[in-house]
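Student: Could you take me through one part of this model up close? I'd like to see who holds hands with whom, and where those partners sit.

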Amino acid sequence: MSSDLDKARKTAFFDRHVAAGGKLVDFVGWAMPMQYSGIVDEHRRVRSTVGMFDVSHMGEFHLSGEGALGDLERITTNRVAALDEGSVQYSAMCYENGGFVDDLLVYRLSDSYMLVVNAANKEKDLEWVRTHIGSRTELRDASEGTALIALQGPLAEKVLAKVAGKSVVSLKYYQSVTSQVAGREALVSRTGYTGEDGFEVYVEADEAGPVWDALMEAGAEFEIEPVGLGCRDTLRLEMGYALYGNDIDEKHTPVESGLMWITKLKKGDFVGRDAILELKQGGPEERLVGFELKERGVPRHGHRILSEGREVGVVTSGTFSPSLEKGIGMGYVAAGTDGPLGIEIRNRTIPAATVSLPFYRNGTVRSR
């Protein structure tokens, strides 16, 4: 292992990644598997049967107390009061100017709310939440002691059914329940970032290893494989899911990024609401679009987007789609841009066309 990886933090599954031949990289300070057998092979494994990700680098914050609901309504864009116990919600936190602090999941548990935030933003998010809640809300950072497994693919339910209770496999999309998984208490949600059916399993880090092993053993008959962060990115892009730092950031709001569906302007005041409302009424100067290439090429973050020979935007996420076998991407283009696009790749302009999202429409993800 390189000296850089020696300094990186290790999840509860680190030794298992090494034993399985995972190609480890320093990802936001964590030693994480980027791939095992290869990104394309792992991508197709998740689309066809089932794959298992280690996403323990994510952050988990618990908010409880009399002020928790009111504070969460003020610091997130979605309507937290709509959550029943066990429900999960995709949401965002915004700055006063409407730009994204982060996108996140909000869980309503029996005695608290849990926020699941991006690994790269964990420290920033924690401080931001801490400074925007009142004295009647208790904040606890549970990230250090929490391991997180994402079991994803059309056969994920069959795997989990062998090691967990019926309450888990009967979950609807974006619901969660506390259950026994391989004899360990875990919070399980029917959520994911791939476009396939699947579950995310939160378990105490000290007890996580045997859960990983039990899932791998249970999935052997379904050709389960450990899969890395490389295919997590190609899978999410095929679904048009935003990635913080690429497709959404502090400079863009839900208006430009197409995330007004998680932004409830009628729920009352929240941080960033006035700026978002003003931009929505006035109209944004640019918008996030999906595109596919008409010729061979692989679009990448930072490539210029052209229209009639002039630059109208920049690629925020791009890849070769293993499922569609073509180059796909997303990027911000100037409002009013119409007609064919061109993506500048290695001093060549590759013809492209805007398409509605998601790019891939055959996934098994449960309907919201």
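Tutor:

**A closer look at Glu225 and its partners**

Glu225 makes a salt bridge with Arg45, and their closest N and O atoms are 3.4 Å apart. (A salt bridge here is a side-chain nitrogen of Lys or Arg within 4 Å of a carboxyl oxygen of Asp or Glu.) That pair ties distant parts of the chain together: Glu225 sits in strand 13 and Arg45 in helix 3, 180 residues apart. Helices (H or I, at least four residues) and strands (E, at least two) are DSSP runs, numbered from the N terminus. There's a third player, too: salt bridges with shared partners join Arg45, Glu223 and Glu225 into one network.

A quick word on what you're looking at: this is a predicted model, where local features need pLDDT of at least 70 and side-chain atom pairs count only at pLDDT 80 or more, while totals for chains, interfaces and linings use all residues. Residues are numbered from 1 along each chain as its sequence is written, and side-chain values use heavy atoms, with hydrogens and water left out.

Now, how covered up are the two partners? Arg45 counts as buried, at 16% relative accessibility, whereas Glu225 is partly exposed at 24%. The cut-offs are under 20% relative accessible area for buried, over 50% for exposed, and partly exposed in between (1.4 Å probe, protein chains only).

Glu225 also has a place in a sheet, standing opposite Gly51. Strand 3 (residues 51-54) pairs with strand 13 in the parallel sense over 2 bridges; for two strands to pair, DSSP has to find at least two bridges between them. Zoom out and you get an open sheet of 6 strands with mixed pairing, running in the order 10-11-12-9-3-13. Strand 13 (225-226) is an edge strand, as is strand 10 (176-181), so each pairs on one side only.

Back in helix 3 (residues 39-48), Arg44 has its own long-range contact. Its side chain meets that of Glu325 in a salt bridge (3.7 Å, N to O). Glu325 lies in the loop between strand 16 (310-321) and strand 17 (326-334), 281 residues apart from Arg44. Arg44 is partly exposed at 38% relative accessibility, and Glu325 is exposed at 57%.

These pairs belong to a bigger tally, since the rule above gives a count of 22 salt bridges. Another of them joins Arg9 and Glu144, whose closest N and O atoms are 2.1 Å apart.
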